Structures are given as structure tokens and as C-alpha cells.
Amino acid sequence: IISNRVAIPVSAITADTNLLELDIDSLDVINIVMDVEYSFNVKFEDDEIVELRTPSDVVNIIMSKFSK
């Protein structure tokens with residue numbers, strides 16, 4: 001989802017890649033979150049969004065939604 005949204009090769013993204021290092025701005029983050037919410041049928045809270053730093057953070061939030 002990240003790769004498709006911001007046109008960055010998948011090979012450049014790891015679970016621990018800092019989104020800022022990929023030049024992803026706040027609008028990109030919102031669009032990525034919306035794509036993830038749609039794809040996984042989950043809802044991110046505002047406080048969760050501001051804490052996103054890495055793809056791993058995104059996965060952890062998704063996993064926490066499904067474990068409830």
C-alpha cells in the first residue's frame with residue numbers, strides 16, 4: 001500500500017523504515033491510512049495516526065484491531 005501510494009519501490013521499504021526517510025509527508029500518511037482502513041476494514045484513531053513512524057507501526061495497529 002505504501003509503495004503504491006507514494007511510488008517508492010517495495011525493495012526500498014522494510015518493516016523498520018522510517019516514513020520520514022522516504023519523504024512521505026503528512027498528506028501521504030493520511031492517504032496511506034485511508035487506503036489501509038479501506039483494505040483491512042479497520043478505523044485508525046487520530047492518536048494512532050500521529051504515532052505512525054514505520055510500516056511496522058501500521059501493521060501493529062492493524063493487528064491490535066483484529067485481536068480485540
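**A four-helix chain, from its last helix inward**

I would like to start with F66, which sits in helix α4, the stretch covering residues 55-66. Before going further, I should say that what we have in front of us is a predicted model. F66 has a relative accessible area of 53%, and because the cut-off for exposed is over 50%, this residue counts as exposed. Together with I1 and F40, F66 makes a nonpolar patch on the surface, with an area of about 290 Å².

Let me step back to the whole chain for a moment. The protein chain contains four helices and zero strands, so that, read from the N terminus, the order of elements is simply α-α-α-α. Along the principal axes, the C-alpha atoms fill a box of roughly 30 × 20 × 20 Å. The radius of gyration is 11 Å, and this agrees with the value near 11 Å that a compact globule of 68 residues would have. Of those 68 residues, 38% are buried, while the area that the protein chain exposes comes to about 4700 Å², with carbon and sulfur atoms supplying 54% of it. If we take the contacts between residues at least 6 apart in sequence, 42% of them join residues at least 24 apart.

Now to the charged pairs. In general, side chains of opposite charge can pair when their charged atoms come close. How many salt bridges does the structure hold? There are three, and I will take them in turn.

In one of them, R5 pairs with D35, and the closest N and O atoms are 3.0 Å apart. This pair links distant parts of the chain, since R5 belongs to helix α1 and D35 to helix α2, with their positions 30 residues apart in sequence. R5 has a relative accessibility of 38% and is therefore partly exposed, and D35, at 25%, is likewise counted as partly exposed.

Another of the salt bridges joins E48 to K65, again with the closest N and O atoms 3.0 Å apart. Here too distant parts of the chain are linked, with E48 in helix α3 and K65 in helix α4, 17 residues apart. Are these two residues, E48 and K65, buried or exposed? Both of them are buried.

There is also the salt bridge between K43 and E37, where the closest N and O atoms are 3.8 Å apart. Its partners sit in contrasting surroundings, because K43 is exposed at 53% relative accessibility, whereas E37 is buried with a relative accessible area of 16%.

With those pairs in mind, I would like to turn to D28, which is found in helix α2, residues 26-40. D28 is buried but has no salt bridge, and the nearest side chain of opposite charge, R5, is 6.6 Å away. Why does that separation leave the two unpaired? The salt-bridge cut-off asks for a side-chain nitrogen within 4 Å of a carboxyl oxygen, so the 6.6 Å between D28 and R5 does not meet it. Once neighbours within four places in sequence are set aside, D28 is still in contact with R5, V6 and D23.

That last name, D23, brings us to the loops. D23 is placed in the loop between α1, residues 2-6, and α2, and its phi is positive, about 60 degrees, although the residue is not a glycine. As background, most residues other than glycine have a negative phi. D23 is counted as exposed because its relative accessibility is 68%. A second residue with a positive phi is N41, with a value near 55 degrees, and it too is not a glycine. N41 lies in the loop between α2 and α3, the latter being residues 46-50, and at a relative accessible area of 71% N41 is exposed as well.

Finally, let us look at I24, which shares the loop between α1 and α2. While D23 is exposed, I24 is buried, with a relative accessible area of 5%. Which residues does I24 touch, beyond its neighbours within four places in sequence? They are I2, V6, I8, L19, V29 and I32. For a sense of distance, the C-alpha atoms of I24 and E48, which are 24 residues apart along the chain, are separated by 17 Å.

Note on methods:
Residues are numbered from 1 along each chain as its sequence is written. This is a predicted model: local features need pLDDT of at least 70, side-chain atom pairs count only at pLDDT 80 or more; totals for chains, interfaces and linings use all residues. Side-chain values use heavy atoms; hydrogens and water are left out. Patches are made of residues with over 30% relative accessible area and no salt bridge: like charges are joined within 9 Å, nonpolar side chains (Val, Leu, Ile, Met, Phe, Trp, Tyr) within 5 Å. Accessible areas come from the Shrake-Rupley method with a 1.4 Å probe; for residues, only the protein chains shown count as cover. Helices (H or I, at least four residues) and strands (E, at least two) are DSSP runs, numbered from the N terminus. Buried means under 20% relative accessible area, exposed over 50%, partly exposed in between (1.4 Å probe, protein chains only). Lys and Arg count as positive and Asp and Glu as negative; His and the chain ends are not counted. Contact means heavy atoms within 4.5 Å. The radius of gyration is taken over C-alpha atoms; the globule rule is 2.2 Å times the number of residues to the power 0.38.
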